[in-house]
Amino acid sequence: MKKMKLGLLPRIIIAIALGIVCGLFFPGWIVRIFLTVNSLFGNFLNFIIPLLILGLVAPGIADLGKGAGRLLLITALLAYGFTLFSGFFTYFTCDLSYPWLLNTSDKLSAVADNTVALQPYFTVEMPAVMGVMSALILAFTLGLGMSVIDGNRLKSVMDDFKDIINQVITAVIIPVLPLYIFGIFLNMTNSGQVAGVMNVFLKIIVVIFVMTVVLLFIQFFIAGMVGKKNPLRLFRNMLPAYMTALGTQSSAATIPVTLEQTIRNGVRPDLAGFVIPLCATIHLSGSTMKIVACSMAIMLMSGMEINFAQFAGFIMMLGIAMVAAPGVPGGAIMAALGLLQSMLGFDETAQGLMIALYIAMDSFGTATNVTGDGAIAVIVDRINSGK
């Protein structure tokens, strides 16, 4: 019989449920075992985050530096512009809605206060080889440099390094994530804080789903205005791509459907064949929306200060980091962990909650990404035709 393979989202849901149930009756000494595992994995994440940034961002920028010149520039600017719009739209929407929507009486910081006696049995320090900002600056420098020089030796080395990092993500980080999240919810349940957290999760999921629908209508309204086409018809034609992405949770796996539906919207096949695969990599409006919304909720529940200047810089950097997101479920949040840590001050618990909340809505974000690719293709086709 063929073995049934559970996807990441079902495993995360099972881990959360088991963490809540087991936290009700597990004694403290068992909870400390999982706290020890979480401590080790959290330290490993801190070690690997700068390497993730270097290994993913540098080759991604180098690849964007070559190609179809003007078309590449137009598509990249549109993708980045849509991503920035998504980030700031999300920030202002959440800034208005979260204060009255979320119950801030149950602070996540209270978890730490209530679990002082429960500590890992031991920890192993894993200092990072460089800081997150150093990794970002080095990645930008190497990426831009590789895009203009003639030699390919460094590019080949960085491509191999990228393959190694992708293997670490798919073979180590992603498989261990459910256990890590199980430990987080086990600890929170044991501390009596999980009810407030789950209530927040459900509210955020509803808010983000509504925002993704509004964002797509805005994108296709703009595409309809520029392309002089019916925006509702454009959006309706892209629904098969949306539904495919909901099931696959992968922009890359949805490319054939996205390409076919984009051509149905009147985009020239040769241009669609260039724009759609490129946008599957560089346009992540839905992922940016989820990261901004989830991070604001976790900061609010943690009692952390939220200000516009801080998030403006975070959103701008996030738009660049999303280019490097690996094409695996939850890949965007992996690429964003360094920025969450360095620019927003997320600790291990906040990062774990962020991963769990993000992956719970991974399908919605991916579907928003690929559907918006069709809107960008319509705009690029109109600009390039010069009519």
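**A colleague's note on a helical model**

Residues 271-299 are 93% helix and 0% strand, and the C-alpha atoms at the two ends of this span lie 42 Å apart.

1. **What you are looking at.** This is a predicted model, in which local features need pLDDT of at least 70, side-chain atom pairs count only at pLDDT 80 or more, and totals for chains, interfaces and linings use all residues. Residues are numbered from 1 along each chain as its sequence is written, and side-chain values use heavy atoms, with hydrogens and water left out.

2. **The overall make-up.** The protein has 16 helices and 0 strands. Here helices (H or I, at least four residues) and strands (E, at least two) are DSSP runs, numbered from the N terminus. Of the 387 residues in the protein, 52% are buried. Buried means under 20% relative accessible area, exposed means over 50%, and partly exposed is in between, with a 1.4 Å probe and protein chains only. Among contacts in the protein with a separation of 6 or more, 85% are between residues 24 or more positions apart; contact means heavy atoms within 4.5 Å.

3. **What the record says.** An unreviewed UniProt entry lists "transmembrane region" for residues 12-34, 40-59, 71-92, 128-148, 168-188, 200-227, 271-299 and 311-337. UniProt positions are given in the numbering used here, feature names are shortened, and annotations may be inferred rather than shown by experiment. You can set one of these spans beside the model: residues 71-92 are 100% helix and 0% strand, with end C-alpha atoms 32 Å apart.

4. **Helix 12 against helix 13.** Now look at helix 12 (residues 285-301), which packs with helix 13 at an angle of about 150°, the axes being 11 Å apart. Axes are lines fitted to C-alpha atoms, for helices over the stretch in contact, and angles run from 0 to 180 degrees between N-to-C directions. The crossing of helix 12 and helix 13 is right-handed. A crossing is left-handed if the near helix is turned anticlockwise from the far one by less than a right angle, and right-handed if clockwise. On the helix 12 side, Thr288, Ile291, Val292, Ser295, Met296 and Met299 take part, meeting Gln310, Phe311, Phe314, Ile315 and Leu318 of helix 13.

5. **Thr288 within that packing.** Thr288 belongs to helix 12 and is buried, with a relative accessible area of 0%. Which residues does Thr288 contact, leaving aside its neighbours within four places in sequence? They are Thr83, Gly87, Leu318 and Met322.

6. **The aromatic rings.** The structure holds 13 aromatic pairs. Rings of Phe, Tyr and Trp (its six-membered ring) pair if their centres lie within 6.5 Å; planes under 30 degrees apart count as stacked, over 60 as edge-to-face and the rest as tilted. One of the pairs is Phe88 with Phe308, a tilted pair at 6.0 Å centre to centre and 45° between the planes. Phe88 lies in helix 3 (residues 70-101) and Phe308 in helix 13 (residues 308-321), so this pair ties together parts that are 220 residues apart in sequence. Phe88 is buried at 18% relative accessible area, while Phe308 is partly exposed at 38%. Both rings belong to one aromatic cluster, formed by Phe88, Tyr91, Phe92, Phe308, Phe311 and Phe314.

7. **A charge over a ring.** The charged end of Lys290 sits over the ring of Tyr358, 3.7 Å from the ring centre. A charge sits over a ring if NZ of Lys or CZ of Arg is within 6 Å of the ring centre and within 35 degrees of the ring normal.

8. **Along helix 7.** Leu202 is in helix 7 (residues 194-227) and counts as exposed, at 55% relative accessibility. Its C-alpha atom is 10.0 Å from that of Ala360, 158 residues apart along the chain. Lys203 also lies in helix 7, but counts as partly exposed at 26% relative accessibility. From Lys203 to Ala297 the C-alpha distance is 10.0 Å, with their positions 94 residues apart in sequence.

9. **Just past helix 7.** Where is Lys228? Lys228 lies in the loop between helix 7 and helix 8 (231-237). Its phi is near 55°, a positive value in a residue other than glycine. Lys228 is exposed, with 66% relative accessible area.

10. **Leu259 in helix 10.** Leu259 sits in helix 10 (residues 251-264) and is partly exposed, at 24% relative accessible area. Not counting residues up to four places away in sequence, Leu259 touches Ala272, Gly273 and Ile276.
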